[in-house]
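Dear colleague,

I am passing on the structure below, together with an account of what was found in it. Please keep it open beside this message as you read.

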Amino acid sequence: MAPPKDVVKIAIQMVGAIPQLIELQQSKPLASVLKDICDVWSLPNAERYALQYADGRQTYITESNRGEIKNGSILWLTTSPDQEAEGLYNGIQSNNLDVKSDSLKRLASLSQDVTFAQEFINRNGLKQIFSIVEEGNDVGEILAHTLKAFMELMEHDFVSWETLSAAFIKKIVSYVNMNAMDASVQQLSLSILENMVPSSRLLFELVRKEVTVDRLLTHLQVTNTQLQLKAMALLIALLLAATDAERRDMMDYLRERNVRQFIHKNIIHSSEPLGDEMAHYLYVLQSISLNLHERRMRTPMDPYSQEQRELLQSLRQTAFESESETPTGNFSTERRRSLCAKEFRKLGFVNNSNPAQDLYRAPPGLLALDNMVYFSRHTPSAYSRFVLENSSREDKHECPFARSSIQLTLILCEILHVGEPCSETAQAFYPMFFGQDHFFEELFCICIQLVNKTWKEMRATQEDFDKVLQVVREQITRTLSLKPTSLELFKTRVNVLNYSEILKLRQTERLHQEETLAVPVLELRERLKPELLELIRQQRLLRLCEGTLFRKISSRRRQDKLWYCRLSPNHKVLHYGDVEEGVQSPPIESLPEKIPVADMKALLVGKECPHTKEKSSGKQNKDVLELAFSIVYDVEEYCLNFIAPTRYEFCLWTDGLNMLLGKEMTSERTQTDLDVLLSMELKLRLLDLENISIPDTAPPVPKPPSNLNFCYDFSHAEQ
């Protein structure tokens with residue numbers, strides 16, 4: 001007979017005692033449960049004890065979380081959180097350094113538990129931690145334990161970062177600015193400052209003033225990758241919290257210090273593999289830098305601005321400098337206006353009498369003008385060649401420089417996501433971005449010459465303008481997908497991918513599509529589908545058995561904490577638990593938490609997940625919504641919440657979990673994988689039919705012959 005739903009069978013352990021096997025009644029007060037357990041072991045003062053999980057993070061059991069206890073759980077009878085807090089509060093004030101160090105070490109460990117943290121903070125424990133830091137008598141291991149405990153206590157958000165004293169902050173800053181300081185202390189100090197920065201404007205200004213960009217760059221240049229990572233995290237936090245003007249100033253200073261080149265050489269191309277966290281910070285740095293162009297991109301040209309008119313005129317003067325040397329003093333105003341209009345027409349402006357009108361559209365706004373001016377000033381020979389070469393062509397065959405530049409700028413903004421908010425989880429950055437200071441402008445210079453080259457290859461006319469730019473967009477996106485490491489390599493590859501290559505690629509894709517649309521082939525596809533879907537199912541389950549490393553992300557900041565989840569080889573239990581940074585594939589035995597597959601009730605994705613409902617619904621969380629999923633399990637309908645590291649992992653996990661729930665695989669990756677496998681299988685099956693057209697209907701079967709006397713008689717041959 002099954003036990004009632006409010007009763008769970010568990011084991012209770014205690015050092016030096018025989019374990020107890022009990023049936024825990026969830027309706028019974030926890031104090032009464034503890035009294036019964038203590039009575040069995042003849043322990044007085046039951047109020048001094050508490051239960052906590054024996055595995056994992058060893059969380060204390062309270063009235064609020066006792067519902068999470070599962071059948072078969074193993075619990076420890078241990079000192080209650082208030083007793084532990086009292087003991088450690090006294091221990092960290094001890095004059096005995098060994099006792100003090102051990103107390104701080106245990107404090108750092110126990111502070112991860114919200115119940116203990118509340119008890120310790122209620123005893124004004126943070127004040128003692130502040131005293132240890134502010135007095136500055138302790139260094140090395142004791143100081144590292146102190147800062148670690150402080151970080152864990154602040155994680156629970158019981159205390160605001162704005163309440164920190166000036167003396168405490170000054171000490172933390174000094175640890176970052178010291179040359180001879182323990183690396184672990186500096187890492188923790190950088191993490192503390194990183195958390196302070198987004199908390200308030202006052203703290204941001206204080207940290208920015210006390211910790212200079214130069215000091216952070218010094219930490220970036222060390223060989224200790226963890227210290228390097230924390231320095232980068234603080235730099236990114238400062239950039240994200242800054243105003244537009246402050247961010248621009250900081251980015252200008254970073255450019256002066258050649259930070260991009262340093263990152264390109266010593267971080268991206270270092271001997272150590274690039275971690276997910278650093279990849280995310282590099283993505284954010286790239287995004288912030290590109291978004292500096294947003295203001296110009298969204299600003300239309302002002303025809304009354306003297307500066308903007310001069311920039312526009314400089315394009316004409318640079319292109320037609322030799323022609324402009326002709327004395328114009330005797331020309332009438334009308335004649336000069338006519339000459340300028342003619343030259344602006346040669347430059348490719350649609351409104352040659354008032355070229356400023358071409359730049360009223362925003363985006364790309366003034367950014368297109370900036371790009372044209374940059375091209376004319378930094379590569380004057382290429383600019384002149386572009387303009388003069390097209391001036392000598394027939395009107396209908398000339399490639400309009402200005403019109404092409406405006407449209408190309410818009411295309412580059414779309415491809416590089418200029419003006420879009422930073423993703424909280426993305427890690428995709430372009431290595432070549434960090435090898436060049438004026439990346440956007442230099443990329444434009446390469447691509448505008450590509451436009452002219454493609455225009456000639458297509459023998460285009462004005463009517464083909466949109467077609468040419470579509471081809472150029474395809475050339476750029478296909479080349480960027482190869483992740484070239486430098487702009488020179490990008491230039492080489494994008495020029496190799498000429499119009500004829502694009503046509504070949506398109507033709508191959510079209511022929512493949514046509515082949516797969518023939519009626520007999522479609523019938524063969526349907527026959528192959530079940531077998532290939534089964535193959536995909538096996539791959540999904542194998543991937544779940546291998547497991548994945550997930551990150552815990554809060555609304556306040558990107559977390560360093562990691563946890564791992566994997567499916568048991570028999571596909572009956574999900575194992576999960578917290579892991580340390582650097583652990584790639586922990587053994588299944590080291591993951592303490594379990595969810596039987598039989599207890600799983602449903603899979604939630606996106607906005608349906610409880611952990612996405614807790615977050616603010618802004619643009620910044622759009623990427624999190626696309627990666628979030630939750631498992632609803634047990635009769636009480638608890639949730640295990642996930643945020644996948646990538647969209648690919650999201651698809652694999654949601655497919656695998658849907659299978660375990662007896663449902664169909666619904667992710668877009670399933671269809672992609674199925675299409676790839678069907679394509680490969682069909683190509684192999686149709687290999688012998690190459691260059692043979694497949695009829696839509698099967699050929700008719702001929703009528704049987706009037707007699708079957710054409711059979712050969714082998715008996716005569718034997719004689």
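**A three-stranded sheet and its helix**

Strand E9 and strand E10, the latter made up of residues 628–633, are paired in the antiparallel sense over five bridges, and within this pairing Leu-604 has Ser-630 of E10 standing opposite. Please bear in mind throughout that this is a predicted model.

The two strands belong to an open sheet of three strands, ordered E9-E10-E11 and paired in antiparallel fashion. Strand E9 (600–605) and strand E11 (638–643) stand at its edges, and because each has a single partner strand, one side of each is left without a neighbour in the sheet. From one strand to the next, the twist averages 20°. Helix H29, which spans residues 647–660, lies across E9, E10 and E11 and runs at about 150° to E9.

**A four-stranded sheet and its helix**

Another open sheet has four strands in the order E2-E1-E4-E3, and here the pairing is mixed. Its edges are taken by strand E2 (20–25) and strand E3 (49–53), each with a single partner strand, so that one side of each is left without a neighbour in the sheet. Neighbouring strands of this sheet are turned against each other by 40° on average, with direction ignored.

Strand E3 pairs with strand E4 (residues 74–79) in the antiparallel sense, over five bridges, and Tyr-49 is found opposite Thr-79 in E4. Helix H1, residues 30–40, lies across strand E1 (7–13) as well as E2, E3 and E4, and its course is at about 100° to E3.

**Domains, and where domain 1 meets domain 4**

The chain is divided into four parts: domain 1 (7–79), domain 2 (83–284), domain 3 (298–320 + 336–510) and domain 4 (530–671). The C-alpha centres of domain 1 and domain 4 lie 30 Å apart, and six residues of domain 1 are in contact with seven residues of domain 4.

How much area do domain 1 and domain 4 bury between them? The figure is about 530 Å², of which 51% is on carbon and sulfur atoms. As for specific interactions, the count of salt bridges between domain 1 and domain 4 is zero, while one residue pair is in polar contact between these domains, with both residues at pLDDT 80 or more.

With best regards

How values were computed:
Residues numbered from 1 in each chain as written. Predicted model: local features only at pLDDT ≥ 70, side-chain atom pairs only at ≥ 80, totals over all residues. Heavy atoms only, no water. Pairing = 2+ DSSP bridges. Axes fitted to C-alpha atoms, helices over the stretch in contact; angles between N-to-C directions. Contact = heavy atoms within 4.5 Å. Domains from an automatic or database assignment. Buried area = accessible area lost by both parts, 1.4 Å probe. Salt bridge = Lys/Arg side-chain N within 4 Å of Asp/Glu carboxyl O. Polar contact = N/O pair within 3.5 Å; in protein donor to acceptor, adjacent residues only side chain to side chain.
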